[in-house]
Amino acid sequence: PVQESDPLSLADLEIVRVGEASEVYVNNKLGGPLQIDLALTEANNIQARPTLPLRELLPANQRVLVSRIEAVADGVANYSLGMTAIPGDPRAMPEDVVYALPLAEGSRWHMGQGFHGGFSHTDEQNKFAVDLVVDEGTPVLAARGGVVMQVESSFDRSGTAKRFADRANLIRVLHDDGSMGVYAHLRENGVYVRVGQHVTVGEQIGESGNTGFSTG
């Protein structure tokens, strides 16, 4: 079988041989819920229980058995799996909350791009993103309290080519109502928090940078 990992490494897909069958596990690497869609991209002489495709919500930091695959008759049996993963619980009902500025009071900044910005805020994930332009190394503060769900701090490059789209250093914070705040384009090694850590409003969680799909 062929295993396809999520491009952002939100979850690992693992296939374990058990006798004549295979058990399919998914390991949620995030410190919060993760929705996965698992499907057969190729199948010959096999059956899956439960049947595929399937959609499942995985708890934080959990390895879950999601399916068992076995041959249905003698002869060659083969298959390939594809998986996509989306952070968060789609059933979450966000509360009406005013966020604090993620910068210290008195910091120098200006708006680079707001809601529905034509440069890079046109897709579903980013249409309500806000770009604040500051000097690199400016302290980034938590705009709302919550639990750190995901961090990435190893990238050191930026640009407008597609290959940079998933190469931004970031911090994802899970709020009490299930919504999430993402602080992106952080400096290389400019993340001050770890997955599972509780943060409060105004706490410094990182440093601003110029990584990923960024022009400055």
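**Charge pairs and an open sheet in a predicted model**

At a relative accessibility of 10%, Asp-177 counts as buried, because the limit for that class is under 20%. This residue belongs to a predicted model, and Asp-177 forms a salt bridge with Arg-144 in which the closest N and O atoms are 3.0 Å apart. The two partners come from distant parts of the chain, 33 residues apart. Asp-177 is located in the loop between strand E13 (169–174) and strand E14 (180–191), whereas Arg-144 is located in the loop between strand E10 (139–141) and strand E11 (146–152). Arg-144 is buried as well, with a relative accessible area of 11%.

In total, the structure holds seven salt bridges. Side chains of opposite charge can pair when their charged atoms come close. Another of these pairs is formed by Glu-207 and Arg-187, with 3.2 Å between the closest N and O atoms. Glu-207 lies in strand E16 (residues 204–208) and Arg-187 in strand E14, so the salt bridge ties together parts that are 20 residues apart in sequence. Glu-207 is buried, at a relative accessible area of 16%, while Arg-187 is partly exposed, at 33%.

A further salt bridge joins Glu-23 to Arg-68, the closest N and O atoms being 3.3 Å apart. This pair also links distant parts of the chain: Glu-23 is in strand E2 (residues 21–28) and Arg-68 is in strand E6, 45 residues apart. Glu-23 counts as buried at 15% relative accessibility, and Arg-68 is partly exposed with a relative accessible area of 33%.

Strands E2 and E6 also take part in an open sheet of four strands, arranged in the order E1-E2-E6-E4 with antiparallel pairing. Strand E1 (11–18) and strand E4 (46–49) stand at the edges; each has a single partner strand, so one side of each is left without a neighbour in the sheet. From one strand to the next, the twist averages 25°. Strands of a sheet pair through backbone hydrogen bonds, in either a parallel or an antiparallel manner. Edge strand E4 pairs with strand E6 (residues 63–71) in the antiparallel sense over four bridges. In this pairing, Ile-46 stands opposite Ala-71 in E6. Strand E6 thus appears in both parts of this description, as the strand that contains Arg-68 and as the partner of E4.

Conventions
Residues numbered from 1 in each chain as written. Predicted model: local features only at pLDDT ≥ 70, side-chain atom pairs only at ≥ 80, totals over all residues. Heavy atoms only, no water. Pairing = 2+ DSSP bridges. Helix = DSSP H or I, 4+ residues; strand = E, 2+ residues; numbered from the N terminus. Axes fitted to C-alpha atoms, helices over the stretch in contact; angles between N-to-C directions. Salt bridge = Lys/Arg side-chain N within 4 Å of Asp/Glu carboxyl O. Buried < 20%, exposed > 50% of the residue type's maximum accessible area, 1.4 Å probe, protein only.
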